[in-house]
Amino acid sequence: MTKSKGMSSAVVAVGDELLIGKTLDGNGSWLSKKLTSLGAPVMGRWVTGDDPVAIKQSVIAALEGSDLVIVTGGLGPTTDDLTRPAVADLFDLKLIVNQSLVDKLRSRFSALGYEKLPGRNLVQAEVPEGAIIIPNCEGTAPGLIIEDGQKSVVLMPGVPHEMKSMFDSSVTDYINERFQLRLNPILQRTFNTSGIPESLLAEKIGEDITHFPSDVSVAFLPRLQGVSVRITTPLSGGQGLSSLDFCENIIKKALAPYCYSVGKKNIVDSLADCLLIDKKSFAVGESCTGGLISKRITDVPGSSSYYKGGIIAYDVATKSGVLGIEKSVIEEKGVVSEEIAALMAEKTKEIMKADFGIGVTGIAGPDGGTEDNPIGTVYYAVAGPSQTMCFRKNFQGNREAIRERATQAALFSLFQILTDRQV
């Protein structure tokens, strides 16, 4: 079969909390990535409040230039959840109670220990006449699909984990089936780097990029964790993959010292792979990062296979009493110093009986900076079987940004050592 003209999509996010800035529209960003990868590029995104007129106006505007509209939010049981009735009214559809949904709601609340289904939840069983019901395995609000000619409007919950689960388990298949002849998925490859600013990275691969085919575009995506380089081609199948392979071979040498993964893996995933392959373990002694390194590591299931644990030695007494660093050394060198970072790494490694130890100390602000160690100064060290390597960086940004950047830098330094990369 021959593909017809390509399609486009749109996203409408509903909620007063989005308009007043209390909550960011993370759902819209996530959906844009997903829809683009499916071959249904997003032509526009709307954010609207919990108002039926505004919801209808946003959906109408979204439908004008797109074939598929995804609406998130406003499907809950409370009086400000108005998406379902507003969209039903837009298409002149009656809301009909679906007994199967009522039974599922009762079963769900019974399993949670409630004898009676709250009356307000019954509205979640009301379905626009003729709509397709999308199961919600993570919550009480089912998704709904309304088809209008060649166009579709998909309603999903605004709770992020419910929305994502529903999209991945059901909506993706629906889109592939309904619009299969019009989808035009693009091919992308993303190289994740750390330890180098965007401008310098652009300089290092600038000459290489000039040799890319004209159908390959390049984007630099800076984040607190580092800079990602994304290459994109509209070519599909083997032709597109060959084009991306060609470009990767051109830039991989320049990226090698800084690149820790290709694709979706973050530094923790890449570090875990190295530690598991080498059958090594590590532990962390944290001061200014306050446990962020330990959190990032233990967010990954199975991290106990290579992570021994961490010590948050935030004050001097803990550094000396728990880690065993001599007070005289702290007084002589200063709590924020290369020597203290090295001792934190070494002592933690010894206490936890790990193969490697990471130590971090610094000034995250907003106060506490000195002429020698201004705000943003962070010392971090990696203690290994034979030597300890120390680093000093001055990170920019607010307290949160400094701590996040310090966390990434410390983890990346261990990754570089394990992979014998330039440090």
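## Ser303 and its loop

In this predicted model, Ser303 sits in the loop that runs between helix H10 (292-298) and strand E14 (307-312). Ser303 has a relative accessible area of 8%, and a residue counts as buried when this value is under 20%, so Ser303 is buried.

The side chain of Ser303 reaches the backbone oxygen of Val300 at a distance of 3.2 Å. Neighbours within four places in sequence aside, Ser303 is in contact with Ile297 and Thr298.

## A salt bridge between H10 and H14

Helix H10 also takes part in a salt bridge, through Arg296. The side chain of Arg296 meets that of Glu404, with 3.8 Å from N to O. Glu404 belongs to helix H14 (residues 399-418), and the two partners are 108 residues apart, so the pair links distant parts of the chain. Are these two residues buried or exposed? Both Arg296 and Glu404 are buried.

## Salt bridges of helix H6

The model has 11 salt bridges. One of them joins the side chains of Asp168 and Lys34, at 3.1 Å from N to O. Asp168 is part of helix H6 (residues 160-178) and Lys34 is part of helix H2 (residues 26-38), so this pair ties together parts that lie 134 residues apart in sequence. Asp168 is partly exposed, with a relative accessible area of 41%. Lys34 also counts as partly exposed, at 23%.

Another salt bridge is formed by Glu147 and Arg178, whose closest N and O atoms are 3.8 Å apart. Glu147 lies in strand E7 (residues 143-148) and Arg178 in helix H6, with their positions 31 residues apart in sequence. Glu147 has a relative accessible area of 41% and is partly exposed. Arg178, at 28%, counts as partly exposed too. Elsewhere, Arg189, Asp245 and Glu248 are linked in a network of salt bridges.

## Helix H5

Helix H5 covers residues 99-111, which makes 13 residues. How far apart should its ends be, at 1.5 Å a residue? The expected span is 18 Å, and the end C-alpha atoms are 18 Å apart, which agrees.

Four residues of H5, namely Leu101, Val102, Leu105 and Phe109, are buried. They cover an arc of only 105° around the axis, and therefore lie on the same side of the helix. The buried residues of H5 pack against three strands: E4 (95-97), E5 (126-128) and E6 (132-134). On the face turned away from the buried side are the exposed residues Lys104 and Ala111.

## The ends of H5

The N-terminal end of H5 is capped by Asn98. A side-chain oxygen of Asn98 lies 3.0 Å from the backbone nitrogen of Ser100. Just after the helix comes Gly113, which takes a positive phi of about 95°.

## The protein as a whole

The protein has 423 residues, and 46% of them count as buried. Its secondary structure consists of 14 helices and 17 strands. Along the principal axes, the C-alpha trace spans about 80 × 60 × 40 Å.

Among contacts with a separation of 6 or more, 66% are between residues 24 or more positions apart. The accessible surface comes to about 20,600 Å², and carbon and sulfur atoms hold 51% of this area.

Notes
Residues are numbered from 1 along each chain as its sequence is written. This is a predicted model: local features need pLDDT of at least 70, side-chain atom pairs count only at pLDDT 80 or more; totals for chains, interfaces and linings use all residues. Side-chain values use heavy atoms; hydrogens and water are left out. Helices (H or I, at least four residues) and strands (E, at least two) are DSSP runs, numbered from the N terminus. The expected span of a helix is 1.5 Å times one less than its number of residues. Buried means under 20% relative accessible area, exposed over 50%, partly exposed in between (1.4 Å probe, protein chains only). The arc is that of the directions from the helix axis to the C-beta atoms. Contact means heavy atoms within 4.5 Å. A polar contact is a pair of N or O atoms within 3.5 Å; within protein, one must be able to donate a hydrogen and the other to accept it, and residues adjacent in sequence count only if both atoms are side-chain atoms. Accessible areas come from the Shrake-Rupley method with a 1.4 Å probe; for residues, only the protein chains shown count as cover. A salt bridge is a side-chain nitrogen of Lys or Arg within 4 Å of a carboxyl oxygen of Asp or Glu.
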